[in-house]
Amino acid sequence: MSQPRSSKRTREVKPPRNHIAEWFGHRIYPVVADTEMSLSDQQDGRCPFISAATGETHECIKNDQSKGVCTISTSGPAGRRDWLACPFRVLEPGLLDDAARRLFGHQPGDQITLVPATVLADSARANQFRDAVRGGSPCMVYFQNKLGGEISLSATERSPEFSFDSTMVEVLPADNDGFQLGRYGVFEIQTMDFHGSYSHAVRDLSDALRLHKQKFGAAVRDNPEWPGNKIEGPNIANVFKRTFYQMMFKFQVGAHPHSAGCVFAIPAAVWESWQRHLGRPDLIQKPDGTYRLAVQDQEEQEHPSSWIYVFEIVESDTVTPNEIELVKVIGTDAAALSHYALDVAPAAALEEGGSADRILDTLRSRLGEYLVEFAPTPAARGRRRTQEAAELPGLLDLPELGDAWPN
């Protein structure tokens, strides 16, 4: 006798689209770094980036719900992307070194000394730094949260208070074997906000680390749903709104005579997602490999004081922590960014047939739900479906990530 069919259908569980990509500095998705160092950092709750910068062991400073989360990996229309979830992830010697040389005008082959302020609390390190300054070597100190503290721009009656993510300053020799400060430079790091919480995935990873111990890497490799447990997508539009004014403001600060300039470091995923907000700016490549924002009727700057660093994290399960690679270095200023974000992007929205022209159509359709006088006729509904179908292929071909990102 055949068994009766169940009236309930088995619900298909889809794999998560978003995952914690790096945990305590080491890759756990889509590949898993499984080395003695990665396991040691994860078991001890250590931040390898602060530890490497200071030469001392430092635990991750995040709260329990986001403990150890460095980057988030998301899958969407443009493929998989890594987003920065912690500013200390960018404490990578190569990136900071490049920024210091560019801001203060030193060549790649020049010997420079760049240290976080806190290492100077050690008398031996401080004496080494003093000797380097007296010897005429370019020497810079940087301040950051947990590394001497952030430097703030004080509020006035007509301007807000702002803190800089990282501030570099030159230390120069002075008369009578003394020292003096030269210019300062600002290094900003763009992290991404995410909907929801990391707490479920962090709990799963922490439990796996406790239960599987030395086999943690293999267990995560076999269970990719753990780092993806209830991880939601990035809030792109909110981050742009929060960041754009600060970026413009700090680029202006970078143009001050006492400043060497400002570097704004963002992951490639963020740069791609901002293209619509910035009016998809035109870039001009220079002989040295850097780029400039092309602005008509404005003189192109050969030596800009403001720079956008677009970087990617090079995925690897053997080189860990993964290396950071600069993919674009863009010289710009507040005026050029303002032109694209506040002139070009709105002009595209307002052009004939653009999205602004369809606002009345949207209002008419919405109001038709309440007043029959505005209800669309069958012919109008057919025209609207035809127009939407015609626009759909173009929308699917867009290379950027866009505001709506799947969770």
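## Secondary structure and overall composition

In this predicted model, the chain contains 11 helices and 15 strands. Of its 407 residues, 43% are buried. Contacts across the chain frequently join distant positions: among those with a separation of 6 or more, 67% are between residues 24 or more positions apart.

The accessible surface of the chain amounts to about 22,400 Å². Carbon and sulfur atoms contribute 50% of that surface.

## A nonpolar surface patch

On the surface, a nonpolar patch is formed by L367, Y370, L371 and F374, which together have about 410 Å² of accessible area. One member of the patch, Y370, is located in the loop between α10 (359-367) and α11 (378-396). Y370 counts as exposed because its relative accessibility is 67%, above the 50% cut-off for that class.

## Aromatic pairs

The geometry of two aromatic rings is described by the distance between their centres and the angle between their planes. The structure holds nine aromatic pairs. In one of them, the ring centres of W23 and F216 are 5.8 Å apart and the planes stand at 40 degrees, so the pair is classed as tilted. This pair links distant parts of the chain, since W23 belongs to strand β1 (residues 18-23) and F216 to helix α6 (residues 216-222), 193 residues apart. Both W23 and F216 are buried. Ring pairs also bring in F24, linking W23, F24 and F216 into a cluster.

A further pair is formed by F251 and F264, with ring centres 6.4 Å apart. The planes of F251 and F264 are at 80 degrees, so this pair is edge-to-face. F251 lies in helix α7 (residues 236-254) and F264 in strand β11 (residues 259-267), so the pair ties together parts that are 13 residues apart in sequence. F251 and F264 are both buried.

## Charged groups over aromatic rings

Two contacts between a charged group and a ring may be described. The charged end of R102 sits over the ring of W307, at 5.1 Å from the ring centre. K328 is placed over the face of Y291, and here the distance to the ring centre is 5.6 Å.

## Salt bridges within helices

Side chains of opposite charge can pair when their charged atoms come close. Over the whole structure, 18 salt bridges are found. One of them joins D98 to R102, with the closest N and O atoms 3.0 Å apart; R102 is also the residue whose charged end sits over W307. D98 and R102 are four residues apart in helix α3 (residues 93-104), so about one helical turn separates them. D98 is partly exposed, at 23% relative accessibility, and R102 is likewise partly exposed, with a relative accessible area of 26%.

In helix α10, R364 and D361 are three residues apart and therefore separated by about one helical turn. Their side chains meet in a salt bridge with an N to O distance of 3.1 Å. R364 has a relative accessible area of 41% and is partly exposed; D361, at 44% relative accessibility, also counts as partly exposed.

## A salt-bridge network

Salt bridges that share partners join R27, R80, D82 and E315 into one network. Within this network, R27 forms a salt bridge with D82, whose closest N and O atoms are 2.9 Å apart. The pair links distant parts of the chain: R27 is in strand β2 (residues 26-27) and D82 in strand β4 (residues 79-84), with their positions 55 residues apart. R27 counts as buried because its relative accessibility is 0%. D82 is buried as well, with a relative accessible area of 17%, which falls under the 20% cut-off.

R80, another member of the network, is in strand β4. With a relative accessible area of 29%, R80 is partly exposed. When its neighbours within four places in sequence are left aside, R80 is in contact with R27, Y29, P30, S73, T74, S75 and E315. The C-alpha atoms of R80 and R17 are separated by 9.1 Å, although these residues are 63 residues apart along the chain.

Technical notes
Residues numbered from 1 in each chain as written. Predicted model: local features only at pLDDT ≥ 70, side-chain atom pairs only at ≥ 80, totals over all residues. Heavy atoms only, no water. Helix = DSSP H or I, 4+ residues; strand = E, 2+ residues; numbered from the N terminus. Buried < 20%, exposed > 50% of the residue type's maximum accessible area, 1.4 Å probe, protein only. Contact = heavy atoms within 4.5 Å. Areas by Shrake-Rupley, 256 points an atom, 1.4 Å probe, with all protein chains shown as cover. Patch = residues over 30% accessible without salt bridge, like charges linked within 9 Å, V, L, I, M, F, W, Y side chains within 5 Å. Salt bridge = Lys/Arg side-chain N within 4 Å of Asp/Glu carboxyl O. Phe/Tyr/Trp six-rings, centres within 6.5 Å; stacked < 30°, edge-to-face > 60°. Lys NZ or Arg CZ within 6 Å of the ring centre and 35° of its normal.
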